[in-house]
Amino acid sequence: MSQQRMEPASATLAHWSSPDGDPPTIVEGEGCYVTDDEGEEYLDFIAQLYCVNAGHGNGEINAAIEEQLSKVAYVSSAKHNDTRDRLADELAEIAPGRLSNTFFSISGSEANEAAVQIAREYTGAPKVLTRYQSYHGGTYGAGSLTGDPSTRAALEPYGGTATGKFLPPLPEAFDAEGEELAEKAANHLEYVIRNEGHETVGAVLMEPVAGTSGAYPAPEGYFERVREICDEYDVLLIADEVITGFGRCGEWFGIQTEGIEPDMLTFAKGVTSAYAPLAGVLVGPEIADNVREGGYDLGQTFGGHPLSCAAGLGAIDVYRDGLLENVRENAAYFEDELRELEAHDAVADVRGRGFLWGITFRDGEEPFVDPWTDPDADNPVGTVVEEAAERNVLIGAGRPATQVICAPPLCAGREEISDG
Ligand code: PLP
């Protein structure tokens, strides 16, 4: 068969099919603002991908990376490094409860895959339950843990590790609200665990506040019941804190706003304020011993890269220095500003916590069809994201893309919040 020679294409493929439209080419950043290649300045109301939590161009984080670079750039992930060890100590200090040991990885997707591997080794039970409409990553394994249909669509033809999806506590999923919703949604999780055979279920993996898929927090009481159910059936509860970690919800970790302790916790993005790639899994002493003694290999060359760990130490200092307080002080103001949009016909609702908010659109009384899953559907979110960019504000499209997400750097003050 003769093959036609193709012109070499040099476009970056990442996110090329996103409904975000045609984003600007960013060349510089400072605080809550970024500048494109034509000198246009934008308010970064999405912290790029909910990750530049300390804001752009932070001198303290830059200096921490430079200092590490002047000492040693890389030390094998199978050896000790003082910077990596110091970051592990810091994480143990800020993490909830007994989570005191960190396995370092590179991305949120890989951290979730490692968490699943660790949970399976520890429990001997293969199944991992995740929520329908969750997002846990785009790689082969993490993508199949993801409950968002548009992510799974690209992976499902090739199989994967997904073993069960249960419904998130969304009012529309259970036709209930508040306490009743918390109870019905938690009962549904219990139903799925029992029907899967509880001895086959090793872990439940959930975002404390669903991020990419709509910034929806659970109703009060939901997480407490989930904790009880996991304890009753000997199932590990893993909190995916890739978005909610490092101050986004006003505490170090999102699960701390729910008052429960998970058995494991995964993080990425904000750990370094995205100044360098880093992720990880936090576990308690028993699971850590099992990893040490288990003799199975989780290693990755760039897991816990010293430059990234230095960025992590720098970022944690910056968060300690008033950024968590800033979120707590301004979260109610942020909410009030956004709730004004609920008066608009096209807005179905506004939901979120801290500095993580989603605005869901509707078409009259009906929700819009998701343009991620149906490319022929109207794309109001793409239009809103593009129009915001034309007004020099960057926001994100959610999945399903019937909503936009606002998640500025945690240094945003009232002026930036109102402008957004
Ligand atoms: N988990 C959650 C909750 C996320 O939002 C994301 C990414 O947005 C991931 C996991 C995957 O992280 P990464 O893109 O670093 O692989």
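**Exercise 1. The shell around the ligand**

Task: In this predicted model, find which helix gives the largest share of the shell around the ligand, and sort the residues of the shell by class.

Solution:
1. Helix 4 (residues 108-123) gives the largest share, with 3 residues.
2. The shell holds 14 residues, of which Ser107, Gly108, Ser109, Gly137 and Val242 come nearest to the ligand.
3. By class, the shell has 8 polar, 4 nonpolar and 2 charged residues.

**Exercise 2. Helix 8 against helix 9**

Task: Determine how helix 8 (residues 178-196) and helix 9 (residues 222-232) are oriented, and which residues make their contact.

Solution:
1. The two axes come within 9 Å, with a crossing angle of roughly 20 degrees.
2. Angles under 35 degrees count as roughly parallel, and helix 8 and helix 9 are therefore roughly parallel to each other.
3. Their crossing is right-handed.
4. Helix 8 contributes Ala182, Glu183, Ala185, Ala186, Leu189, Glu190 and Ile193 to the contact, while helix 9 contributes Tyr222, Arg225, Val226 and Ile229.
5. This contact comprises 8 nonpolar and 3 charged residues, and no polar ones.

**Exercise 3. The two domains**

Task: Describe the side of domain 1 that touches domain 2.

Solution:
1. The domain assignment gives domain 1 as 26-55 + 325-419 and domain 2 as 59-318.
2. Their C-alpha centres lie 24 Å apart.
3. In the contact, 27 residues of domain 1 meet 27 residues of domain 2.
4. Elements that each supply at least two residues of this side of domain 1 include helix 11 (306-339) and strand 13 (347-353).
5. Strand 14 gives the most, with 4 residues.
6. This side of domain 1 divides into 13 nonpolar, 9 polar and 5 charged residues.

Terms used. Residues are numbered from 1 along each chain as its sequence is written. This is a predicted model: local features need pLDDT of at least 70, side-chain atom pairs count only at pLDDT 80 or more; totals for chains, interfaces and linings use all residues. Domain bounds come from an automatic or database domain assignment. Two residues are in contact if their C-beta atoms, placed from the backbone, lie within 7 Å. Ala, Val, Leu, Ile, Met, Phe, Trp, Tyr, Cys and Pro count as nonpolar, Asp, Glu, Lys and Arg as charged, and the others, Gly among them, as polar. A residue is near a molecule or strand if its C-beta atom, placed from the backbone, lies within 6 Å of it. Axes are lines fitted to C-alpha atoms, for helices over the stretch in contact, and angles run from 0 to 180 degrees between N-to-C directions. Angles under 35 degrees count as roughly parallel, over 145 as roughly antiparallel, 65 to 115 as roughly perpendicular and the rest as oblique. A crossing is left-handed if the near helix is turned anticlockwise from the far one by less than a right angle, and right-handed if clockwise.
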